[in-house]
Amino acid sequence: MLPASRHGEILRLVRSSGVVSVGALAENLGVSPSTIRRDLQSLDADGALRRVRGGAGSVADDDPVPFAEVATVAADDKERVARLAATLVRDGEVVLLDIGTTTARLARALRGRRITVITSSLAVVDELRADPAVELLVLGGILRRNYHSLVGMLTEQALHEVRAHRLFLGTSGIARGGEVRDSTLVEVPVKRAMIEAAEQTVLVADRTKFPGTGLLTVCGPEEVDVIVTNEGADPDTLAACAAAGTEIRLAPR
């Protein structure tokens with residue numbers, strides 16, 4: 001298991017139990033106690049959990065801003081990005097939709113299309129559940145109630161069993177060098193598995209995320225085929241992405 005996936009599973013176990021011992025984590029994950037101790041030290045330094053004697057305990061949710069509140073930020077820009085992104089989808093395609101408020105808007109823009117949508121986002125499910133034209137495949141996993149998403153080993157394993165024509169990927173922000181970042185540790189392994197499961201990766205992000213921040217790198221700019229954002233996004237950040245071979249599509253204001 002890769003370190004990022006292991007860290008996500010550690011967080012899931014800690015949050016579900018409150019406090020978990022080093023021995024229990026090592027047994028569950030099939031690694032040595034010394035590996036777990038290093039993992040806990042790293043996660044504690046990042047503020048994702050708290051070290052206690054012999055193990056680790058949970059802290060407050062790592063994404064304290066509720067989904068509904070995030071959805072109101074840059075709402076017009078997100079809507080324009082979603083509508084432009086929807087034009088990239090062709091009938092009959094299998095499409096992966098990441099979590100996020102922009103991908104939820106994209107799901108709404110795809111209503112009535114004869115496509116298959118695979119997602120770990122309950123917000124996407126809410127947009128498409130009643131649409132008879134869309135075949136909807138929901139990935140399993142642990143529910144993050146605050147952000148309407150499914151995460152964990154079940155989600156990642158399910159992604160190894162599917163293949164999509166196109167992934168629409170969300171992000172916390174794009175670094176000046178073009179790296180796609182995310183602030184939620186348990187989401188990063190899911191995003192990486194989505195990239196592996198898709199023939200094309202399309203990053204959907206409003207202009208406020210260029211440049212942006214995030215605790216972890218999801219992928220480099222060379223792994224993103226297309227970026228859909230707004231006119232007015234930081235030109236230097238977009239230039240770094242374009243230099244890596246990424247196509248840039250700008251939604252007009």
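Okay, a definition before anything else: when I say strand or helix today, I'm talking about DSSP runs, numbered from the N terminus, with at least two residues for a strand and at least four for a helix. With that in hand, Thr119 sits in strand β5, which covers residues 116–119. And please keep in mind that what you see here is a predicted model.

Let me stay with Thr119 for a moment. Its relative accessible area is 0%, so it's buried. What does Thr119 touch, if you skip its neighbours within four places in sequence? The list is Leu97, Asp98, Val124, Val125, Leu136, Leu137, Val138 and Leu139.

Now the whole chain. We've got 10 helices and 15 strands. The radius of gyration is 18 Å, close to the 18 Å the globule rule gives for 253 residues, so the chain is as compact as a globular protein of that length. If you want a box for it, the C-alpha atoms fill roughly 55 × 40 × 30 Å along the principal axes. Of the 253 residues, 52% count as buried. The accessible surface comes to about 11200 Å², and carbon and sulfur atoms own 49% of that. On contacts: take the ones between residues at least 6 apart in sequence, and 61% of those join residues at least 24 apart.

Next, β14, residues 226–230. How many of its five residues are buried? Five of the five. Both faces are covered, too: Val226, Val228 and Asn230 are buried on one side, and Ile227 and Thr229 on the other. As for partners, β14 pairs with β12 in the parallel sense over three bridges, and with β15, residues 247–251, also in the parallel sense, over five bridges. Val228 is a handy residue to click on here. Val204 stands opposite Val228, and over in β15 the bridge partner of Val228 is Arg249.

Another buried strand residue is Leu167, which lies in β9, residues 164–169. Its relative accessible area is 0%, and that's why I call it buried. Leaving out residues up to four places away in sequence, Leu167 touches Leu96, Asp98, Met194, Ile195, Ala198, Gln200, Thr201 and Val202. You may have spotted Asp98 there; it was on the contact list of Thr119 as well. If you'd like a distance to check on screen, Leu167 and Gly245 are 78 residues apart in sequence and 17 Å apart in space, C-alpha to C-alpha.

Moving on to a separate bit of sheet. There's an open sheet of three strands, in the order β10-β11-β13, with antiparallel pairing. β10 (173–174) and β13 (216–219) are at the edges with a single partner strand each, so each has one side with no neighbour in the sheet. β10 and β11, residues 180–182, pair over two antiparallel bridges. Which residue of β11 is the bridge partner of Ile174? That's Val180. Then there's helix α9, residues 188–197, lying across β11 and β13 and running at about 15 degrees to β13.

Now a helix with two sides to it: α2, residues 22–29. Val22, Leu25, Ala26 and Leu29 are the buried ones. They cover an arc of only 100 degrees around the axis, which puts them on the same side of α2. Turned away from that buried side is a face carrying Glu27 and Asn28, both exposed. Right after α2 comes Gly30, with a positive phi near 70 degrees.

Last, two backbone oddities. As background, most residues other than glycine have a negative phi, and most peptide bonds are trans. His148 isn't a glycine, yet its phi is positive, about 55 degrees. You'll find His148 in the loop between β7 (142–144) and β8 (149–151). Buried or exposed, or something in between? His148 has a relative accessible area of 30%, so it's partly exposed. The other one is a peptide bond: Phe210 and Pro211 are joined in cis, with omega about -15 degrees. Pro211 is in the loop between β12 (198–204) and β13.

That's my tour; happy to rotate the model if anyone wants another look.

Conventions
Residues are numbered from 1 along each chain as its sequence is written. This is a predicted model: local features need pLDDT of at least 70, side-chain atom pairs count only at pLDDT 80 or more; totals for chains, interfaces and linings use all residues. Side-chain values use heavy atoms; hydrogens and water are left out. Two strands pair if DSSP finds at least two bridges between them. Contact means heavy atoms within 4.5 Å. Axes are lines fitted to C-alpha atoms, for helices over the stretch in contact, and angles run from 0 to 180 degrees between N-to-C directions. Buried means under 20% relative accessible area, exposed over 50%, partly exposed in between (1.4 Å probe, protein chains only). The arc is that of the directions from the helix axis to the C-beta atoms. The radius of gyration is taken over C-alpha atoms; the globule rule is 2.2 Å times the number of residues to the power 0.38. Accessible areas come from the Shrake-Rupley method with a 1.4 Å probe; for residues, only the protein chains shown count as cover.
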